[in-house]
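Please look through the structure shown here, taking the two chains one after the other and then together.

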Amino acid sequence: MSKKLLIPLALFVVLCGFLLVGLWRDPREVPSPLIGKPAPPFKLAQLHEPSKTLGPSDLKGQVWLLNVWASWCVSCREEHPLLVELGKAKVVPIVGLNYKDEPAAGMKWLTQNGDPYNLSVVDRDGRVGIDWGVYGVPETFVIDKAGAIRYKQIGPITVEALQTKILPLVRELQKS
Amino acid sequence: MKPRVFALLVAAFAISSLQALAADAVPTDKDSVASSRAVKLSEKLRCLVCQNQTIADSNAELAQDLRRQIHEQIAAGKTDDEIVDYMVARYGDFVLYQPPVKSTTVLLWAGPGLLLLVGFVGLARIVRARRAESDAPPLTAEEHERAARLLDGDRAKDAS
């Protein structure tokens, strides 16, 4: 009889386990279906030289990061110093996708806060953002030499994410 | 003088309201079908910014952009399934309020039924156990005597 009484207790403990794990998970982080898939193509005007365009096909053969940012985005400020540092280290080319922003405001923001990007392109109406499944700026993608998306960081890059996920992945992809 | 000013004002007002009427495009049948399709589709899709709202409910910028996508794709002659596939390809199954039945979602779909089944099995076992209890063997003569004594209230004797 006492053994039978333990069954609900065991079930309760299991339920608590599930709920406890759920506490530490971020429901806003939706896994992207684009991981492992070829980067969605685009051909967008460059922020500083609108007459020139850039697209993923121009970067084939190298590992690169696409960072989605905007001057109106508050949490972009949070990750920006880290990006500036990463840009100075010249470990990996960083392309900025200026998402749903005024180009003038974007350029001003970069002169004020530092420009970590090799190049920034302008996605004025957010269409390329939709193609890339962007829903919370900032977002950062790691794209491999073959042009496939390998990792997506939703929200600001943290030191931890950079050290434990992004940089090791970049180094591994650069070797292959 | 004054009535003339008033008449002028009324005329100006009448003309401006006529213009307002003219500005409202009269929807054709085709438009209303397309817009009801768009509304139905956007009610099926989740807004990823405010996750408990559909993109029909949400006023987030992304929801507005996605509604615009739906309108454009309907105008381009895409079917509902094609538009839903377009969204799933970019944002994953999470955009669907009704998740598809797949190997990863089997537990989600079958879970409530399974729990109900477990409940019924448990209930049946308990009922059967109770029935077995009530089918206990009849009392012996000695037990009958003790029961009678207890019922008569002669507890002292029983306790001895």
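The paragraphs below move from the confidence of the model to chain A, then to chain B and the contact between the chains.

This is a predicted model, in which local features need a pLDDT of at least 70 and side-chain atom pairs count only at pLDDT 80 or more, while totals for chains, interfaces and linings use all residues. Residues are numbered from 1 along each chain as its sequence is written, and chains are lettered from A and ligands numbered from 1 in the order in which they are written. For the complex, the predictor gives an ipTM of 0.78 and a pTM of 0.73.

Chain A may be entered through its helix α1, residues 2-23, where helices (H or I, at least four residues) and strands (E, at least two) are DSSP runs numbered from the N terminus. This helix has 22 residues and reaches 32 Å from its first C-alpha to its last, close to the 32 Å expected at 1.5 Å a residue, the expected span being 1.5 Å times one less than the number of residues. A residue is called buried if 20 or more other C-beta atoms, placed from the backbone, lie within 10 Å of its own, exposed if 12 or fewer, and partly exposed in between. Of the 22 residues of α1(A), the number buried is zero, so the helix lies largely in the open.

The largest nonpolar core (a set of buried Ala, Val, Leu, Ile, Met, Phe, Trp, Tyr and Cys residues joined through C-beta atoms within 7 Å) has 51 residues, and those with the most contacts inside it are A:Leu65, A:Leu66, A:Val95, A:Val137 and A:Ile143. Its largest share, five residues, is supplied by strand β3 (residues 64-69) of chain A. Contact here means that two C-beta atoms, placed from the backbone, lie within 7 Å; leaving aside residues up to four places away in sequence, A:Leu66 touches A:Val95, A:Leu97, A:Thr140, A:Phe141 and A:Ile143.

A:Ile143 leads on to a strand pair, a pairing being counted if DSSP finds at least two bridges between the strands. Strand β6 (residues 139-143) of chain A is joined by five bridges to strand β7 (residues 149-154) of chain A, and the two run antiparallel, with A:Ile143 standing opposite A:Ile149 in β7(A). The hairpin has five residues between its strands, and there A:Gly147 takes a positive phi near 90°. A:Lys145 also belongs to the loop between β6 and β7 of chain A, and counts as partly exposed because it has 14 C-beta neighbours inside 10 Å. Beyond four places in sequence, A:Lys145 touches A:Gly61, A:Gln62, A:Val63 and A:Leu173.

Chain B has seven helices and zero strands, and of its 160 residues 12% count as buried. Its pLDDT (the predictor's confidence in each residue, from 0 to 100) averages 82, with 81% of the residues scoring at least 70. Within chain B, confidence is lowest in helix α7 (residues 155-159), at a mean of 55, and highest in α4(B), at 92.

Where the chains meet, 13 residues of chain B are in contact with 12 residues of chain A. On the side of chain B that touches chain A, α3 (61-75) and α4 (80-91) of chain B each supply at least two residues, and α3(B) gives the most, with five. The residues of that side divide into seven nonpolar, three polar and three charged, where Ala, Val, Leu, Ile, Met, Phe, Trp, Tyr, Cys and Pro count as nonpolar, Asp, Glu, Lys and Arg as charged, and the others, Gly among them, as polar.
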